[in-house]
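Here is a short report on one chain and its ligands. It covers the overall fold first, then the ligand shells, then one helix pair.

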Amino acid sequence: MKNSLAIIIGFLIVGSLFVGWKISQDLGPAETATAPQPQTESASKEIGFNPPSMEDVPDGPLGESIKYGHELVMETNTVADEYVGNNLSCASCHANGGTVMEEAPMVGLSAVYPEYRPREGEVYTLEDRINGCMIRSMNGKMFPTDSKEMRAMIAYLQYMSEGVPAGADLPWRAPKEPKQYPVPSVEDGEKLYAQSCASCHAADGSGTGTNTGPAVWGENSFNDGAGMSRMTKMAGYVQKNMPKGQGGTLSDQQAIDLAAFILSHDRPEFEGHEATGRKAGDRQTSWIRKNASKSKTVQSIGKQFSRLKIKTSRNPAPAFAGAGFAYNSPLYNVR
Ligand code: HEC
Ligand code: HEC
């Protein structure tokens, strides 16, 4: 009894000492708050792009999870085969696991999610965004939030966000409004594709390997609900990064021609279109095809995942001639 009383009193004394110390700590900076603080100001504005090396992952269960997350991101279609509906990995677009600044980087994301998006009127978590890419870009199923896979991806992305302060503005994140592109020519895109892209992505678009040249169309590519299936988004990505190793060499015209050519081919259809209020007829793939076939320029071969052979010098997008491509046209207003 006596002993425990002494312990309690001891705690109270130590506790009040701590509170006193804490108050003086809290008051300390307040006294100097008027002094200029250029250090913190600039630090929060210029965040460096420094993804940590996978070599430095700590040992133990957390480290194991981070490594598993890295494996999942690099080899999604084999490691998470039962969830993925095509031949892609996350790294097919988020190059080298999201560690390349120009290619859809995933560095710092744990610091910016959850995020409110006014257009959708929704707060998105990092899990939502991962699953968004799972059902669209990976043409697959969502990872349950409590699955080993989702935990590992979150652990990996958290690791990739090391040192990035919460709420930071990441300068390397994609701009919300894609830039305007000129009216595309599918035929020019077809020629350029054969010259500069087919060696890695195959003449029939089916690819040569998940991380060496992923499928750009056909049943093993992303579905038509994916961000990459927006013509301007793909043009932007291609212009920044392709041909691999020669990013920044294509003109606006070449980039949009390539995007139009690639997106004029069939790919899996996103099952959630109805839920998002988009009709099948609104798809840009079918739009390109419908308009092009009106001028008898496109031949459909086969049925479900038929390839389309483009044999025309006609502009595939006459309705937009001279208008430039606006982000908010119905053609692009798809995820
Ligand atoms: C076919 C290409 C493609 C594949 C494959 C893909 N993504 Fe994405 N992902 C994108 C694009 C494009 C965006 C940007 C969308 C936008 O601009 O709104 C994106 C955005 C994201 C974001 C949000 C990034 C941000 O800055 O807010 C996360 C997280 C993400 N992807 C995770 C994944 C994961 C995990 C996988 C694998 C399971 C994956 N993605 C597979 C193309 C892809
Ligand atoms: C030397 C091989 C190589 C060449 C040539 C090449 N790519 Fe790629 N491409 C890749 C690799 C590898 C990726 C996966 C992401 C990464 O690692 O950069 C990729 C990813 C892509 C993606 C996103 C993933 C997907 O499946 O849709 C598109 C779109 C794309 N390339 C288009 C093109 C276009 C258009 C050209 C021609 C201008 C081209 N690429 C030339 C290797 C290549």
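Buried residues account for 35% of the chain's 335 residues. The model is predicted. Its secondary structure consists of twelve helices and four strands. Take the contacts between residues at least 6 apart in sequence: 67% of them join residues at least 24 apart.

**Ligand shells**

Two ligand shells follow, side by side.

| Shell | Residues around the ligand | Nonpolar | Polar | Charged |
|---|---|---|---|---|
| Ligand 1 | 25 residues | 17 residues | five residues | three residues |
| Ligand 2 | 26 residues | 15 residues | nine residues | two residues |

Start with ligand 1. Which residues are the closest to ligand 1? They are Cys90, Cys93, Cys133, Ser137 and Gly227. Helix H6, spanning residues 126-135, gives the most to this shell, with five residues. Both domains take part: domain 1 (55-159) and domain 2 (186-320) each provide at least three residues of the shell around ligand 1.

Now ligand 2. Cys197, Cys200, Pro214, Met242 and Lys244 come nearest to ligand 2. Two helices, H9 (198-201) and H10 (231-241), each supply at least two residues of its shell. Which helix gives the most to the shell around ligand 2? That is H10, with four residues.

Why does ligand 2 lie between domain 1 and domain 2? Domain 1 (55-159) and domain 2 (186-320) both give residues to the shell around ligand 2, so the ligand lies between them.

**A helix pair**

Next comes the packing of H8 and H11. Helix H8 covers residues 186-196, and helix H11 covers residues 252-263. Their axes come within 7 Å. The crossing angle is roughly 95°. Angles of 65 to 115 degrees count as roughly perpendicular, and H8 and H11 are therefore roughly perpendicular to each other.

Which residues make the contact? On the H8 side they are Val186, Asp188, Gly189, Glu190, Leu192 and Tyr193. On the H11 side they are Gln254, Asp257, Leu258, Ala260 and Phe261. By class, the contact of H8 with H11 holds six nonpolar, two polar and three charged residues.

**In brief**

The chain has twelve helices and four strands. Ligand 1 has Cys90, Cys93 and Cys133 among its closest residues, and H6 gives the most to its shell. Ligand 2 has Cys197 and Cys200 among its nearest residues, and H10 gives the most to its shell. Residues from domain 1 and domain 2 are found in the shell around ligand 1 and in the shell around ligand 2.

Definitions and conventions. Residues are numbered from 1 along each chain as its sequence is written. Chains are lettered from A and ligands numbered from 1 in the order in which they are written. This is a predicted model: local features need pLDDT of at least 70, side-chain atom pairs count only at pLDDT 80 or more; totals for chains, interfaces and linings use all residues. A residue is near a molecule or strand if its C-beta atom, placed from the backbone, lies within 6 Å of it. Ala, Val, Leu, Ile, Met, Phe, Trp, Tyr, Cys and Pro count as nonpolar, Asp, Glu, Lys and Arg as charged, and the others, Gly among them, as polar. Domain bounds come from an automatic or database domain assignment. Axes are lines fitted to C-alpha atoms, for helices over the stretch in contact, and angles run from 0 to 180 degrees between N-to-C directions. Angles under 35 degrees count as roughly parallel, over 145 as roughly antiparallel, 65 to 115 as roughly perpendicular and the rest as oblique. Two residues are in contact if their C-beta atoms, placed from the backbone, lie within 7 Å. A residue is buried if 20 or more other C-beta atoms lie within 10 Å of its own, exposed if 12 or fewer, and partly exposed in between; C-beta atoms are placed from the backbone.
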